[in-house]
There are 2 protein chains.
Amino acid sequence: MPIEVKSTVRVSGGLLVKFSHASSAVGLPMTASVFLPSGGDAAISTLEEAKAEGIRYPVLMWLSGLTCTDDNVCQKGGVFPALQAHKLALACPDTSPRGAGAPGEEDSWDFGTGAGFYVDATTEGYAMNYRMYTYVTQELPALLQAEFPLDVTRMGVSGHSMGGHGALVCALRNPGTFRSVSAFAPIAHPCACPWGVKAFTGYLGGVEAGEEYDASLLLAKAPTADDSAASAAAAAGFDDILVDVGTADCFLEEQLQVQSLEQGAERGARKLTLRRQPGYDHSYYFVSTFLPEHVAFHAKRL
Amino acid sequence: MPIEVKSTVRVSGGLLVKFSHASSAVGLPMTASVFLPSGGDAAISTLEEAKAEGIRYPVLMWLSGLTCTDDNVCQKGGVFPALQAHKLALACPDTSPRGAGAPGEEDSWDFGTGAGFYVDATTEGYAMNYRMYTYVTQELPALLQAEFPLDVTRMGVSGHSMGGHGALVCALRNPGTFRSVSAFAPIAHPCACPWGVKAFTGYLGGVEAGEEYDASLLLAKAPTADDSAASAAAAAGFDDILVDVGTADCFLEEQLQVQSLEQGAERGARKLTLRRQPGYDHSYYFVSTFLPEHVAFHAKRL
């Protein structure tokens, strides 16, 4: 599964590589970006030079929100200095297939193109290409391991809004794949909010089928302390989750419903640290403010 | 000269205020953004709350490049953590009048709208509104002092590309106004490069009239060490200049010509630190990499 490098740019001492590849999961070309820190003082300008360093870096996967691409966090996240300082890589997939031709995929900004919701769709017209769950949990990690100087056995996941939902769901369902998880302003209980209901109805045929993609429900089902599997699960993956949300986020009450995460965590075994950041909104100004702390959180666990 | 606050957003512990005002220099409404650090732990969310802190902050004015607005450095500069750490404010004007209706102002991306070049135009059709030099050196500083908790007697200036040119020119001609100056990939010798020749011809009627807006020529005329005015000039303003440029910048040879700055500095009295950053390009990935260092440079001198 070769990649085609579209551009490389030096930033914060490391290298940002944008590439495309033919995705088997999605059945279309996909674009993604990877930031590689540098191990020394050499001015690394190509992927080949980065590989020649002989270092495999741990990696944080970043899942973006509605309407976004791999570019948003790269351009607006202010994250590269922290990544370089912690010698942590960043992998940024797109948010949906592009050009699938599914019925209605271009009709609204919160469904279809740019709004894949990190699920494997089952509905007619979407089932063939809208398979972002398999893409980010299986195909992309394997590609990262094969094509980049990365060690995906030390991989965490984070994201924003729809991507925060994606990060929590992908990690809770794959604690062996993602060893650390955090989220910014996640759509925390999509089965019960307008964005989630629209997405699950369109991609999965209904909300019931979306329960396996609902972070609050998954969190409640996480093994309890009494559960014999609890320590094994924690050893295999992560046992704590960091979530930030702004109190001035205009989507907080109707769409995000982060209190559902707290309720889920009370019933399950994963420890949740939910921080309500006073006065912050839903934008990348909020994300960029706390992303360096999330980088440190992941780096410590990877 | 009242302002109309368009939005306020918390970022990196401080407050980003976007506002518009009726500009007397330009004769049109102008939009700008100001970042205010916070002095304490309070979650400041409005300009009134920021003023109530009772602190007047030193300020760095940021001049953006071709096609940009006040938004570019705010969204892509990764600069707010450094500004908050140094308790330094940032003031970001637009790059030109908007909607002047000057002949041909929308015909190309490197002249007219979004490309004011920080000059006071004298040509027919442009002289009335394209007066960005007066705007950024006089009107905006007075407005910042009157409407924001800022101390413009401690003001520096920096910028990128066309804005790097603007920063150098504004500071060299107004060392009493700007107490520190730096630049990223500046158009260093506009009288001799295609962008500059086009701009000076269109705004000023020719390249000769542009000599007063050419940083390399101005730098060569700066008072020498033998000059009796030298120490007075240095005391009034700044005596050193920091410039960064990437060696992979595609505009380096034809448009930027930073070597002319070095030649000018050899003849004048201002000390120039010109750093050629290996492998970096012309983008905000380059700017964001070194902007925290520039913030520290300015903060030390303000």
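## Terms and basis

Two residues are taken to be in contact if their C-beta atoms, placed from the backbone, lie within 7 Å. The model is predicted, so that local features need pLDDT of at least 70 and side-chain atom pairs count only at pLDDT 80 or more, while totals for chains, interfaces and linings use all residues. Residues are numbered from 1 along each chain as its sequence is written, and chains are lettered from A and ligands numbered from 1 in the order in which they are written.

## The sheet of chain B

In chain B, 9 strands (DSSP runs of E, at least two residues, numbered from the N terminus) make up an open sheet of mixed pairing, ordered S1-S2-S3-S5-S4-S6-S7-S8-S9; strands pair if DSSP finds at least two bridges between them. Its edges are strand S1 (4-11) and strand S9 (271-277) of chain B, each of which pairs on one side only.

Strand S8 (residues 240-246) of chain B runs parallel to S9(B), with 7 bridges, and B:Ile241 has B:Leu272 in S9(B) as its bridge partner.

## Helices on the sheet

Helix H11 (residues 284-301) of chain B (helices are DSSP runs of H or I, at least four residues) packs on the sheet and touches S4, S6, S7, S8 and S9 of chain B. Helix H5 (residues 162-173) of chain B lies across strand S4 (57-63), strand S6 (150-159) and strand S7 (180-184) of chain B.

## Where the chains meet

Between the chains, 19 residues of chain A are in contact with 19 residues of chain B. On the chain A side, strand S1 (4-11), helix H2 (71-76) and helix H11 (284-301) each supply at least two residues.

How values were computed. Axes are lines fitted to C-alpha atoms, for helices over the stretch in contact, and angles run from 0 to 180 degrees between N-to-C directions.
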